[in-house]
Amino acid sequence: MARIDETKRLLALSERDRAFWTQDGVILAGMDEVGRGPLAGPVVVGCVVMPPEPLLRYVNDSKKVTEKRREALYDQILETAIEARTAWVWPDVIDEINILEATKRAFCEAFRSMQTPVTDVLIDALTGLDIPARQHPLIHGDALSYSIAAASIVAKVERDRYMIEQDKRYPQYGFARNKGYGTKEHMDAILTYGMTPIHRRSFLKKLYGEE
């Protein structure tokens, strides 16, 4: 029964994708960002071109997948994808141009790094990107599109791995646990120890007393 339920779930998740997969001359990519809200670390965008078959079991919005399963799916997605790329925009750039513009830049850089001639992109929420493809934004797209969900997993795994590495450099902030989000532990550490080079100063001006 579980296998049937998972098959049905994947068919529903990929319904929008199949509308593109069945069109001649269309190459579809899914794109999603991870890390727009944290106080530290980069914003990361994944861009993934998935084939219609096989549909990888358990691909879903990365927030709905356990860390262990995300790690396994990351490898499966990279093995199965026609192409998968990520782009990272760092805290100094986020502080300079603001998080929305930084996120758009990451989307554009991820797309432009692709070697596959993508014609259409399913995007989680953002519109008006400067890329040479037809853009199809979906609010909560990582829960509505198989391709976007795959992109979200790739981006999240890579960003989480980076934040776990940063935890070794700055252990007092709990980055391995909070991934840069504003948990109480993280906020208390900022007040006690100050900001690190990977913190977004523009996110912390009021807390840290900067103008």
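**Exercise 1. Work out where Ile153 sits and what surrounds it.**

Solution. Begin with the element: in this predicted model, Ile153 has its place in helix H6. Next, consider its exposure to the surroundings: the relative accessible area of Ile153 is 0%, and since a residue counts as buried under 20%, Ile153 is buried. Then list its partners, leaving aside the neighbours within four places in sequence: Ile153 is in contact with Val59, Asn60, Ser62, Arg70, Leu73, Tyr74 and Ile77. As a last step, look at a residue elsewhere in the chain: Phe107 is 46 residues apart from Ile153 along the chain, and the C-alpha atoms of the two are separated by 15 Å.

**Exercise 2. Describe helix H3, and explain why its buried residues line one face of the helix.**

Solution. First take the dimensions: H3 covers residues 67-80, which makes 14 residues, and from its first C-alpha to its last it reaches 20 Å, close to the 20 Å expected at 1.5 Å a residue. Now pick out the buried residues of H3, which are Arg70, Leu73, Tyr74 and Ile77. Viewed down the axis of H3, these buried residues fall within an arc of 115°, and therefore they line one face of the helix. A general rule helps here: an α-helix has 3.6 residues a turn, so residues three or four places apart point the same way. Turn then to the face of H3 that points away from the buried side, where the exposed residues Lys68 and Glu79 are carried. Finally, ask what the buried residues of H3 pack against: they meet strand S2 (43-49) and helix H6 (146-169).

**Exercise 3. Set out the order of the strands in the open sheet, and find which helices pack on it.**

Solution. Start with the order of the 5 strands, which is S3-S2-S1-S4-S5, with mixed pairing in an open sheet. The edge strands are S3 (83-89) and S5 (134-138), each of which pairs on one side only. From one strand to the next, the twist averages 20°. Look next at one pair in detail: strand S4 (residues 120-124) and S5 pair in the parallel sense over 5 bridges, and Ile123 stands opposite Pro137 in S5. Now add the helices. Helix H5 (residues 99-112) packs on the sheet and touches strand S1 (28-34), S2, S3 and S4, with a direction that makes about 150° with that of S3. Helix H6 also packs on the sheet, touching S1, S2, S3, S4 and S5, and its direction makes about 40° with that of S1.

**Exercise 4. Classify the ring pairs Trp21 with Tyr146 and Tyr173 with Phe175.**

Solution. The structure holds 6 aromatic pairs, and two of them are treated here. For Trp21 and Tyr146, the ring centres are 6.1 Å apart and the planes stand at 80°, so this pair is edge-to-face. Because Trp21 lies in helix H2 (residues 15-21) and Tyr146 in helix H6, the pair ties together parts that are 125 residues apart in sequence. Both residues count as buried, Trp21 at 16% relative accessibility and Tyr146 at 0%. For Tyr173 and Phe175, the centres are 5.5 Å apart and the planes stand at 10°, so this pair is stacked. Here too the residues count as buried, Tyr173 at 2% relative accessibility and Phe175 at 0%. To finish, note that Trp88, Trp90 and Tyr162 form one aromatic cluster.

Conventions
Residues are numbered from 1 along each chain as its sequence is written. This is a predicted model: local features need pLDDT of at least 70, side-chain atom pairs count only at pLDDT 80 or more; totals for chains, interfaces and linings use all residues. Side-chain values use heavy atoms; hydrogens and water are left out. Helices (H or I, at least four residues) and strands (E, at least two) are DSSP runs, numbered from the N terminus. The expected span of a helix is 1.5 Å times one less than its number of residues. Buried means under 20% relative accessible area, exposed over 50%, partly exposed in between (1.4 Å probe, protein chains only). The arc is that of the directions from the helix axis to the C-beta atoms. Contact means heavy atoms within 4.5 Å. Two strands pair if DSSP finds at least two bridges between them. Axes are lines fitted to C-alpha atoms, for helices over the stretch in contact, and angles run from 0 to 180 degrees between N-to-C directions. Rings of Phe, Tyr and Trp (its six-membered ring) pair if their centres lie within 6.5 Å; planes under 30 degrees apart count as stacked, over 60 as edge-to-face and the rest as tilted.
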